[in-house]
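Got your viewer open and a hand on the mouse? Let's go for a walk, one selection at a time.

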Amino acid sequence: MSTKVHKSKIDDGERDHYVSASRDEGEARRGAAAETLCPPPNSLAQKLKSLMAHRKDARGRPYVSRTLSQAVDDLPDPPATTSFALIAKLAGGQQDNPTIKTVLALCQALGDVPPAYLLPHAGYDDLAALEAFENPLARRLLVLLSDLPESEVRKVVAHLERRRETLGLSSVPDDGPSAEKPRKARRRRTESEAAQYAADALEGL
């Protein structure tokens, strides 16, 4: 009888071990699934999902995998073809190493997004800054600022902020990137342009 009891204890212990191991495996699988559903904030998947949600397709709706794939095919000279299955894997985080041609095609279809934005690095998270960087004058300005003391750079920044306010331009937020394409602000007329506009309007009466 003591032998049977002892064997029962062993079986119970083994059963507890197997149940514990199965539970750990299940939690590991659920954790992996959660990582797939919620990619890291600086990942290619998260950035691509954000672009697809904020940019609009030909019907004025946010992109999904199929419509983005179609938008790539509709490009005049697409760098590459992209299936909706591939786009779904990229946006879902199941694949994170697309070819350069695929990145170029997706960025072009999404409204000429700077390809560097899809790099999984915090230094390339600011979409507005990357779009501004495509302007040669903006790059020239950055080079001129590169060796100045921080106090001088802050003075330049403060001056530019005042100039934007004077010209009636929208303020530049300092709270991170946005996937939504910024609207170009309307340029305010100078005094001479306003006077000329008024004179032309009077002549037209």
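Start by selecting H3 and H5, two of the helices (helices are DSSP runs of H or I, at least four residues, numbered from the N terminus). Their axes come within 9 Å and cross at roughly 100°. Axes here are lines fitted to C-alpha atoms, for helices over the stretch in contact, and angles run from 0 to 180 degrees between N-to-C directions. H3 and H5 are therefore roughly perpendicular to each other. That label covers 65 to 115 degrees; under 35 counts as roughly parallel, over 145 as roughly antiparallel, and the rest as oblique.

Before you click on, keep in mind that this is a predicted model: local features need pLDDT of at least 70, side-chain atom pairs count only at pLDDT 80 or more, and totals for chains, interfaces and linings use all residues. Residues are numbered from 1 along each chain as its sequence is written, and side-chain values use heavy atoms, with hydrogens and water left out.

**Stop 1: where the two helices meet**

Show the side chains of Leu68, Ala71 and Val72 in H3, then those of Ala105, Leu106 and Ala109 in H5: these two sets meet. Contact means heavy atoms within 4.5 Å. Which residues of H5 are buried? Select Thr102, Val103, Ala105, Leu106, Cys107 and Ala109 to see them. Buried means under 20% relative accessible area, exposed is over 50%, and partly exposed is in between (1.4 Å probe, protein chains only). What covers the buried residues of H5? The cover includes H2, H3 and helix H4 (84–92).

Slide just past the end of H5 and you reach Gly111, with a positive phi of about 105°.

**Stop 2: helix H4**

Now pick H4, where Leu86, Ile87, Leu90, Ala91 and Gly92 are buried. Just after H4 comes Gly93, and its phi is positive too, at about 85°.

**Stop 3: Leu48 and Leu118**

Go to Leu48, in helix H2. Is Leu48 buried or exposed? Leu48 counts as buried because its relative accessibility is 0%. Leaving aside neighbours within four places in sequence, Leu48 is in contact with Leu68, Ile87, Leu90, Ala91, Leu106, Leu110 and Leu118. Try a distance label too: from Leu48 to Ala88 it is 10.0 Å, C-alpha to C-alpha, with their positions 40 residues apart in sequence.

Leu118 is on that contact list, so select it next because it is buried as well, with a relative accessible area of 4%. You'll find Leu118 in the loop between helix H5 (100–109) and helix H6 (127–133). Not counting residues up to four places away in sequence, Leu118 touches Leu44, Lys47, Leu48, Leu51, Val103 and Cys107. Leu118 and Ala45 are 73 residues apart along the chain, yet their C-alpha atoms are separated by 8.4 Å.

**Stop 4: a salt bridge between distant parts**

How many salt bridges does the structure hold? There are four. A salt bridge is a side-chain nitrogen of Lys or Arg within 4 Å of a carboxyl oxygen of Asp or Glu. For one of them, select Asp125 and Lys47, whose closest N and O atoms are 2.8 Å apart. This pair links distant parts of the chain: Asp125 is in the loop between H5 and H6, Lys47 is in helix H2, and they are 78 residues apart. Asp125 is buried, with a relative accessible area of 14%, and Lys47, at 3%, counts as buried too.

**Stop 5: along helix H8**

Move to helix H8 (residues 150–166), where Arg154 and Glu150 lie four residues apart, about one turn of the helix. Their side chains meet in a salt bridge (2.8 Å, N to O), and both residues are exposed. Next, select Glu152 and Lys155, also a salt bridge, with the closest N and O atoms 3.7 Å apart. Both lie in H8, three residues apart. Glu152 is partly exposed at 33%, while Lys155 is exposed at 52%. Why do such spacings work? An α-helix has 3.6 residues a turn, so residues three or four places apart point the same way.

**Last stop: Asp57**

Finish at Asp57, in the loop between helix H2 (44–54) and helix H3 (65–73). Asp57 is buried yet has no salt bridge; the nearest side chain of opposite charge, Arg59, is 4.1 Å away. (Lys and Arg count as positive, Asp and Glu as negative; His and the chain ends are not counted.) Not counting residues up to four places away in sequence, Asp57 touches Pro62, Tyr63 and Thr67.
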